[in-house]
Amino acid sequence: MRWLLAAVTSGALALFSTYWDDSLHTDVGRDTFWSAPHVLLYGSILVTLGALARWAWPHARRQGVTSVLRDPVLRGAVVSGAAVGVAAPADAAWHTAFGRDAVLWSPPHLLAIVATMALTVALLRAVVQEGGGRLAVTAAESLVLGAALVPVMEYDSDVPQFSALWYLPVVSVGVTLAVVVIRRFDRRPGAVFGGALLVTAARLLTVGFLALLGHSTPIVPPVLLVAAAVDLVHLWRPSPWWSAVIAPVAVHATYVPLLPVVPHGTAVSTDQVAPSLLLALAGSALMVLASEGVPRVWRRGVQATAVTSALLLALPLLTATRALAHDPGQGTDVGKARWTAFVGEHDVDVTLTTDDPALRPVELVARRAGEKATGRITPTADGAERGWIRLHAEGRWFLYATFKDARDRTAESWVAVQQGSGRNVSETRPVYLPPAQTYGVGRTAATVVLYGMAAAILVTVARSGRRVQQPRQS
């Protein structure tokens with residue numbers, strides 16, 4: 001059991017370092033591989049995999065290596081570890097073939113997120129199977145719920161790359177999956193609430209740590225209220241299909257009024273609430289369907305409906321325009337730009353100076369959540385460049401200045417601003433050549449393969465443990 005507890009602890013550190021890394025990217029930009037959050041992230045994942053392997057080895061040696069494939073707990077541990085191992089080289093190969101890609105929902109990144117989710121479920125299953133105590137099981141459950149919230153990390157930090165319409169449906173699907181998995185392995189009343197309590201505590205600690213460092217902070221998600229709602233309904237209606245209804249409704253009832261009033265919350269507009277809820281209900285129903293299956297008499301009709309719904313939900317993601325609003329993958333530095341800006345209620349006044357007179361600003365653009373605003377930029381008598389731009393939506397925007405260098409190459413620099421903050425921004429940021437991006441048949445094929453792998457792993461996670469064995473004695 002001690003090896004499993006070590007794996008759970010290092011898994012919690014990995015989740016924390018993910019938010020630390022995201023915060024650093026928002027405030028500073030692309031950092032080195034050896035930055036503190038990177039070292040903690042990859043080190044924690046290695047420790048988690050190593051501790052899980054050390055726990056599994058005596059069982060595999062005693063039962064025989066081939067028996068691992070017959071033992072559902074050991075098989076889940078091996079498959080999840082392999083999925084995490086595949087995600088890293090897949091990400092490296094993607095960047096080598098198609099250029100840098102800092103979009104959280106890009107195929108290799110989504111594969112890594114789903115693989116991490118599979119790893120947390122394998123840990124929970126192993127802890128339960130080994131007869132872990134109440135605290136150990138609850139800690140493992142909090143990892144499952146915490147991993148299910150990682151896909152909305154950028155929304156939680158007010159750096160969305162896509163429309164806010166997708167925020168709460170993704171939260172709802174993740175919460176529904178976590179609820180189904182947790183209840184499958186832990187039938188105690190209040191099991192989901194216990195995991196949500198630890199997730200809330202961990203997020204509070206994360207916010208406090210990042211605030212002490214002076215970095216941007218994510219929100220503390222109201223999953224505690226969502227968990228209370230689904231646990232209460234579970235006492236009345238234990239069918240997992242009720243989770244597909246209660247989770248989306250509870251997510252919208254708690255998130256929608258909270259997001260506009262908390263720092264760095266990505267608000268969902270009034271006109272988006274109804275379609276968001278419908279998408280959430282459809283996505284959560286598909287997740288429960290993947291997890292529980294359907295009676296044979298309904299199978300053909302439900303399968304056809306499920307495939308159609310899945311394609312409709314996937315179409316906007318597959319056809320989405322390029323997301324450039326958050327750390328687009330900075331390239332080779334060619335100079336420095338001094339940004340001085342006053343951020344008013346809607347307008348931003350910008351003054352730009354560079355350390356290289358050959359760098360000429362030609363365009364000022366602001367981007368957020370798939371939206372784009374353009375502004376003017378003109379030279380002044382003192383050698384600086386003055387610009388003005390109007391932001392038409394609340395939240396954090398990323399201002400980009402595009403330059404031409406002495407060789408007429410396009411370069412850019414960016415800085416983040418909070419609309420309506422009434423603050424002065426003064427920062428020196430790199431001017432860099434944007435990395436080349438490759439699009440075509442090869443990228444499309446790789447997208448289909450990686451998204452397909454992520455979907456297959458997700459369905460496997462949802463269906464894992466449908467016949468749970470009795471716990472071993474620790």
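# Charges, strands and buried pairs

Helix 2 (residues 36–63) supplies the largest share of the positive patch, 3 residues. Keep in mind that this is a predicted model.

User: Which residues gather in that patch of positive charge on the surface?

Analyst: Helix 2 is the main contributor, giving 3 residues. The patch sits on the surface, and its members are Arg2, Arg54, Arg61 and Arg62.

User: Is Arg61 buried or exposed?

Analyst: Arg61 is found in helix 2. Its relative accessibility is 59%, and the cut-off for exposed is over 50%. So Arg61 counts as exposed.

User: How many bridges join strand 1 to strand 2?

Analyst: Strand 1 covers residues 332–343 and strand 2 covers residues 347–354. They make a hairpin, with 3 residues between them. The two run antiparallel, and the number of bridges joining them is 7.

User: What is the bridge partner of Ala341 in strand 2?

Analyst: Strand 1 spans residues 332–343, and it pairs with strand 2 in the antiparallel sense. On the strand 2 side, the partner of Ala341 is Val350.

User: And which residue in strand 5 does Val350 stand opposite?

Analyst: Strand 2 also pairs with strand 5 (residues 385–390), antiparallel and over 6 bridges. One bridge partnership there is Asp349 with Trp388. As for Val350, the residue opposite it in strand 5 is Gly387.

User: How many bridges are there between strand 4 and strand 5?

Analyst: Strand 4 runs over residues 371–379. Pro379 stands opposite Glu385 of strand 5. The two strands pair in the antiparallel sense, and the bridge count is 4.

User: Which side chains of strand 5 point to the buried face?

Analyst: The side chains alternate along this strand. Arg386, Trp388 and Arg390 point one way and are not buried. Pointing to the other face, and buried, are Glu385, Gly387 and Ile389.

User: What is the relative accessible area of Ile389?

Analyst: Ile389 lies in strand 5. Buried means under 20%, and Ile389 falls in that class because its relative accessible area is 0%.

User: How many Å apart in space are Ile389 and Val343, C-alpha to C-alpha?

Analyst: Val343 belongs to strand 1, residues 332–343, and Ile389 to strand 5. In sequence, Ile389 and Val343 are 46 residues apart. In space, going from C-alpha to C-alpha, the separation is 9.8 Å.

User: How many salt bridges does a search of the whole structure find, and how many residues apart are Arg183 and Asp231?

Analyst: The search turns up 9 salt bridges. In one of them the side chains of Arg183 and Asp231 meet, at 3.2 Å from N to O. Arg183 is in helix 7 and Asp231 in helix 9 (residues 223–236), so this pair links distant parts of the chain, with a sequence separation of 48 residues.

User: Are Arg183 and Asp231 buried or exposed?

Analyst: Their side chains form a salt bridge. For burial, the cut-off is under 20% relative accessible area. Both Arg183 and Asp231 are buried.

User: In the Arg184 and Glu292 salt bridge, which residue is partly exposed?

Analyst: The closest N and O atoms of this pair are 2.7 Å apart. The pair links distant parts of the chain, from helix 7 to helix 11, 108 residues apart. Arg184 has 8% relative accessibility and therefore counts as buried. At 26%, the partly exposed residue is Glu292.

User: Which partner of Asp405 is partly exposed?

Analyst: Asp405 forms a salt bridge in which the closest N and O atoms are 2.8 Å apart. Asp405 itself counts as buried because its relative accessibility is 7%. Its partner, at 29%, counts as partly exposed, and that residue is Arg409.

User: Which residues do salt bridges with shared partners join into one network?

Analyst: The salt bridges found in the whole structure number 9. Where they share partners, they join three residues into one network: Glu141, Asp186 and Arg188.

User: What is the phi of Asp158, and where does this residue lie?

Analyst: Most residues other than glycine have a negative phi. Asp158 has a positive one, near 60°. It is also buried, at 1% relative accessible area. Its place is the loop between helix 6 (153–156) and helix 7 (167–185).

User: What about the phi of His264?

Analyst: His264 lies in the loop between helix 10 (243–258) and helix 11 (270–292). Although it is not a glycine, it has a positive phi of about 65°.

Notes:
Residues numbered from 1 in each chain as written. Predicted model: local features only at pLDDT ≥ 70, side-chain atom pairs only at ≥ 80, totals over all residues. Heavy atoms only, no water. Pairing = 2+ DSSP bridges. Patch = residues over 30% accessible without salt bridge, like charges linked within 9 Å, V, L, I, M, F, W, Y side chains within 5 Å. Areas by Shrake-Rupley, 256 points an atom, 1.4 Å probe, with all protein chains shown as cover. Salt bridge = Lys/Arg side-chain N within 4 Å of Asp/Glu carboxyl O. Lys, Arg positive; Asp, Glu negative; His and termini not counted. Charge placed at Lys NZ, Arg CZ, Asp CG, Glu CD. Buried < 20%, exposed > 50% of the residue type's maximum accessible area, 1.4 Å probe, protein only.
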